[in-house]
Amino acid sequence: MSTTAQRVWIGLGSNLDDPRAQVSTALQELAQLPESSLVTHSSLYRSDPVGPPGQPDYINAVAALDTQLSPETLLDALQAIEQAHQRVRKIHWGPRTLDLDLLLYGNETIATPRLSVPHPFMTQRNFVLWPLAEIAPELILPDGRSLQALLLQCPLGTLEKISL
């Protein structure tokens with residue numbers, strides 16, 4: 001457990017079993033994490049699937065938490081929420097009831113066998129960057145790159161804001 005709260009950013013996504021409800025429920029569950037408080041979250045966004053063809057569209061969002069949980073403890077909590085949503089890990093980038101990704105943990109860079117922070121693909125994903133920019137437009141990544149500069153490299157494309 002960390003002694004001071006860290007601002008962390010969580011990416012949420014679902015494309016199975018009522019994705020809108022899956023993401024909305026997960027936001028409520030994030031707000032209930034111990035030693036953590038949900039600060040804000042983005043609107044919901046509809047995005048094209050990444051990965052194997054033939055998947056339904058995704059519903060995505062990004063949430064900001066202040067937490068005193070360590071990165072690994074937070075990862076365990078996120079995976080427990082995924083499991084409660086019947087998350088099955090069969091196909092890499094395949095369809096899922098819920099995906100919770102630890103995008104950023106304060107200004108830390110973490111590289112362990114279980115966890116890579118910043119999330120290794122976040123700078124390439126419009127469904128991460130645009131919702132993140134909605135709630136943290138001035139964010140600077142641990143490597144010094146600004147979120148605004150990353151948005152210039154990652155167009156909105158077919159990403160669609162669907163609700164608040």
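Trainee: With which side chain does the side chain of histidine 85 make a polar contact?

Mentor: In this predicted model, local features need pLDDT of at least 70 and side-chain atom pairs count only at pLDDT 80 or more, while totals for chains, interfaces and linings use all residues. Residues are numbered from 1 along each chain as its sequence is written, and side-chain values use heavy atoms, with hydrogens and water left out. A polar contact is a pair of N or O atoms within 3.5 Å; within protein, one must be able to donate a hydrogen and the other to accept it, and residues adjacent in sequence count only if both atoms are side-chain atoms. At 2.4 Å, the partner of histidine 85 is the side chain of glutamine 22.

Trainee: Is histidine 85 buried or exposed?

Mentor: Histidine 85 lies in the loop between H2 and E5; helices (H or I, at least four residues) and strands (E, at least two) are DSSP runs, numbered from the N terminus. Among the residues it touches (heavy atoms within 4.5 Å), not counting residues up to four places away in sequence, are Thr25, Glu29 and Thr97. Buried means under 20% relative accessible area, exposed over 50%, and partly exposed in between (1.4 Å probe, protein chains only). With a relative accessible area of 7%, histidine 85 is buried.

Trainee: Which helix gives the most residues to the largest nonpolar core?

Mentor: A nonpolar core is a set of buried Ala, Val, Leu, Ile, Met, Phe, Trp, Tyr and Cys residues joined through side-chain atoms within 4.5 Å. The largest has 26 residues, and Ile10, Leu74 and Leu102 are among those with the most contacts inside it. E1, helix H1 (19-31), E4, helix H2 (71-84) and E5 each supply at least two residues. The helix that gives the most, with five residues, is H2.

Trainee: What is the relative accessible area of leucine 151?

Mentor: A second, separate core of 21 residues includes Ala133, Leu147, Leu151 and Cys154. Leucine 151 lies in helix H4 and, leaving aside neighbours within four places in sequence, is in contact with Leu129, Trp130 and Ala133. Leucine 151 is buried, and its relative accessible area is 9%.

Trainee: Why is helix H3 largely enclosed, and which helix is included in what covers its buried residues?

Mentor: Eight of the ten residues of H3 (residues 126-135) are buried, so the rest of the structure largely encloses this helix. Its buried residues include Phe127, Leu129 and Ile135. The cover over them includes strand E1 (6-14), strand E5 (99-105) and, as the helix asked for, H4 (147-153).
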